[in-house]
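Visitor: Please take a close look at the inside of this protein, and then relate it to the outside.

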Amino acid sequence: MDLLDNYKKAWDNQPEDANKVSSLEIYKMAQSKSSSIVKWIFIIGIIEFVVLNSIYFFIDMDEAMKEYEKLGIENFVFYSQIAAYIILFYFLAKFYQNYKRISATASTKTLMKKILKTRKTVRNYVIFNLGYMVLIIMVVSIASINMNFEELSTKELLLIVFSTLIATVLILGLLWLFYQLLYGILLRKLNRNHKELAKLDRTN
């Protein structure tokens, strides 16, 4: 049982005329925990961005671009990556902004709203990353099939489509588990804080 739970238990069980643990102390504890959680969401987002982009140091980008040129999708890859970076920087800025706002919040209702907004930001961030991965896989797959379409039999074409779908589902499943590990635990803790604040708000 953590410190916030101890405060909450003491506050729930104390006599009405007692003032050992005030609702303000419980609020401050919830705010502190929420601020710490959102700070970690921001830090993990930065680490994830750095780690994923460091992969480029181990890939021959010139060779990769030649392959994209053969498929006729070099412009799509270039501009989609620029758009992806812009959106990712936007989400990282939102993570930091959410952290600063939660740290400075002085109202239970406002803190609850900020927590919900943070959860929504993280959910949209995960959806964007998964969606972008699906887009890249589908574009590369369609371009590959189109380049070799005349040489493929119906059976080979169906096999490629089926294999691509299976690979996409597996990749999405692994990415979803990855994001559950990174952000799921933190979001569940943030959700518990929100529930405690809602209960605290109803009793005041």
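Guide: What follows goes from the core to the surface. This is a predicted model, in which local features need pLDDT of at least 70 and side-chain atom pairs count only at pLDDT 80 or more, while totals for chains, interfaces and linings use all residues. Residues are numbered from 1 along each chain as its sequence is written, and side-chain values use heavy atoms, with hydrogens and water left out.

The largest nonpolar core has 28 residues, and those touching the most other members are Ile41, Val122, Tyr125, Tyr183 and Leu197. Such a core is a set of buried Ala, Val, Leu, Ile, Met, Phe, Trp, Tyr and Cys residues joined through side-chain atoms within 4.5 Å. Buried means under 20% relative accessible area, exposed means over 50%, and partly exposed is in between (1.4 Å probe, protein chains only). At least two residues of this core come from each of H2 (23-54), H4 (74-104), H5 and H6 (154-203), and H5 gives the largest share, 8 residues. Helices here are DSSP runs of H or I with at least four residues, numbered from the N terminus. In soluble globular proteins, nonpolar side chains tend to be buried together.

Helix H4 also holds leucine 88, which counts as buried because its relative accessible area is 15%. Its C-alpha is 8.7 Å from that of asparagine 129, although the two are 41 residues apart in sequence.

Helix H5 (residues 108-147) has a part on the surface as well: it gives 3 residues, the largest share, to a positive patch. That patch is formed by Arg101, Lys117, Lys120 and Arg123. Patch residues have over 30% relative accessible area and no salt bridge; like charges are joined within 9 Å, and nonpolar side chains (Val, Leu, Ile, Met, Phe, Trp, Tyr) within 5 Å. Lysine 117, in H5, is partly exposed because its relative accessibility is 32%.

Nonpolar side chains also appear outside: Leu52, Ile55, Phe58 and Ile59 make a surface patch of about 430 Å². Phenylalanine 58 sits in the loop between H2 and H3 (61-71), and it counts as exposed because its relative accessibility is 74%.

Helix H3 contains both lysine 70 and glutamate 67, 3 residues apart, about one turn of the helix. They form a salt bridge, with the closest N and O atoms 3.5 Å apart. The term means a side-chain nitrogen of Lys or Arg within 4 Å of a carboxyl oxygen of Asp or Glu, and the structure holds 1. Lysine 70 is exposed at 56% relative accessibility, whereas glutamate 67 is partly exposed at 37%.

Definitions and conventions: Accessible areas come from the Shrake-Rupley method with a 1.4 Å probe; for residues, only the protein chains shown count as cover. Lys and Arg count as positive and Asp and Glu as negative; His and the chain ends are not counted. The place of a charge is taken as NZ of Lys, CZ of Arg, CG of Asp or CD of Glu.
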